[in-house]
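Reader: I'd love a close look at one part of this protein, the helix that comes up both in a helix pair and in a pocket wall. Could you walk me through what surrounds it?

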Amino acid sequence: YVRFHLISPLIQQSAENIVLFDTFVNILSHNLGEPAYEADVAQLEYKLVAGEHGLIIRVKGFNHKLPLLFQLIIDYLSDFSFTPAVFEMITEQLKKTYFNILIKPETLAKDVRLLILEHGRWSMTDKYQTLMKGLSIESLSSFVEAFKSQLFVEGLVQGNFTS
């Protein structure tokens, strides 16, 4: 089991940054779909999660091939690229996701409670409005470069691994 948390103060600075981060993580997951398929067949699991403060990378499975999968994820992260078509598809998908969260009373109530309790939190409404105004490919590219330049890393490795 390998879990790394790539923490960046950049994410919580604005609602636009949060939306750009969500877009980045979704595109990264999309890009990994085909190359990581063989790992999935070999019973290796991975998950990329857009956390509140950074990207969480979780990988688990048999230890002899786990580093290869983790390296694949890191390679795609470091050499992040996307096409305009993928960018459009992911932003449209995010619009639907945000809207579905907004129309459910229980998730909207949770979001409002957290907005009241946590200083510096951006509401789902703020994120949805930012996304509806539109994002540019250039803003995503510059955000990703800034994100990668301001990272703090926490990691946990459990299992049959040597130091």
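**Helix α1 and its surroundings**

Author: Happy to! Over residues 1–129 of this predicted model, the chain is 57% helix and 15% strand, with the end C-alpha atoms 38 Å apart. That stretch comes from a UniProt record, an unreviewed entry, which places the feature "domain: Peptidase M16 middle/third" there.

Now to α1 itself, which covers residues 15–32. Its packing partner here is helix α7, residues 137–149, and the two axes lie 10 Å apart at an angle of about 85°. Angles of 65 to 115 degrees count as roughly perpendicular, so α1 is roughly perpendicular to α7. From α1, the contact is made by Glu16, Asn17, Leu20, Phe21, Thr23, Phe24 and Ile27. Facing them from α7 are Ser139, Leu140, Phe143, Val144 and Phe147. Sorted by character, the residues of this contact are eight nonpolar, three polar and one charged.

The other setting is the largest pocket, which holds about 400 Å³ of space. Helix α1 supplies at least two residues of its lining, and so does each of α4 (84–102) and α6 (124–133). In total, 22 residues line the pocket, and those nearest its centre are Ile18, Ala50, Glu52, Arg121 and Lys127. The lining divides into nine nonpolar, seven polar and six charged residues.

Put together, α1 packs against α7 and also contributes to the wall of the largest pocket.

Notes:
Residues are numbered from 1 along each chain as its sequence is written. This is a predicted model: local features need pLDDT of at least 70, side-chain atom pairs count only at pLDDT 80 or more; totals for chains, interfaces and linings use all residues. Side-chain values use heavy atoms; hydrogens and water are left out. Axes are lines fitted to C-alpha atoms, for helices over the stretch in contact, and angles run from 0 to 180 degrees between N-to-C directions. Helices (H or I, at least four residues) and strands (E, at least two) are DSSP runs, numbered from the N terminus. Angles under 35 degrees count as roughly parallel, over 145 as roughly antiparallel, 65 to 115 as roughly perpendicular and the rest as oblique. Contact means heavy atoms within 4.5 Å. Ala, Val, Leu, Ile, Met, Phe, Trp, Tyr, Cys and Pro count as nonpolar, Asp, Glu, Lys and Arg as charged, and the others, Gly among them, as polar. UniProt positions are given in the numbering used here, feature names are shortened, and annotations may be inferred rather than shown by experiment. On a 1 Å grid over the protein atoms alone, a cavity is a set of points where a 1.4 Å probe fits but cannot get out, and a pocket is an open set with protein on both sides within 12 Å along at least five of seven lines; lining residues have an atom within 4 Å of a point. Grid points are joined across faces, edges and corners, and a volume is the space filled by probe spheres set on the points.
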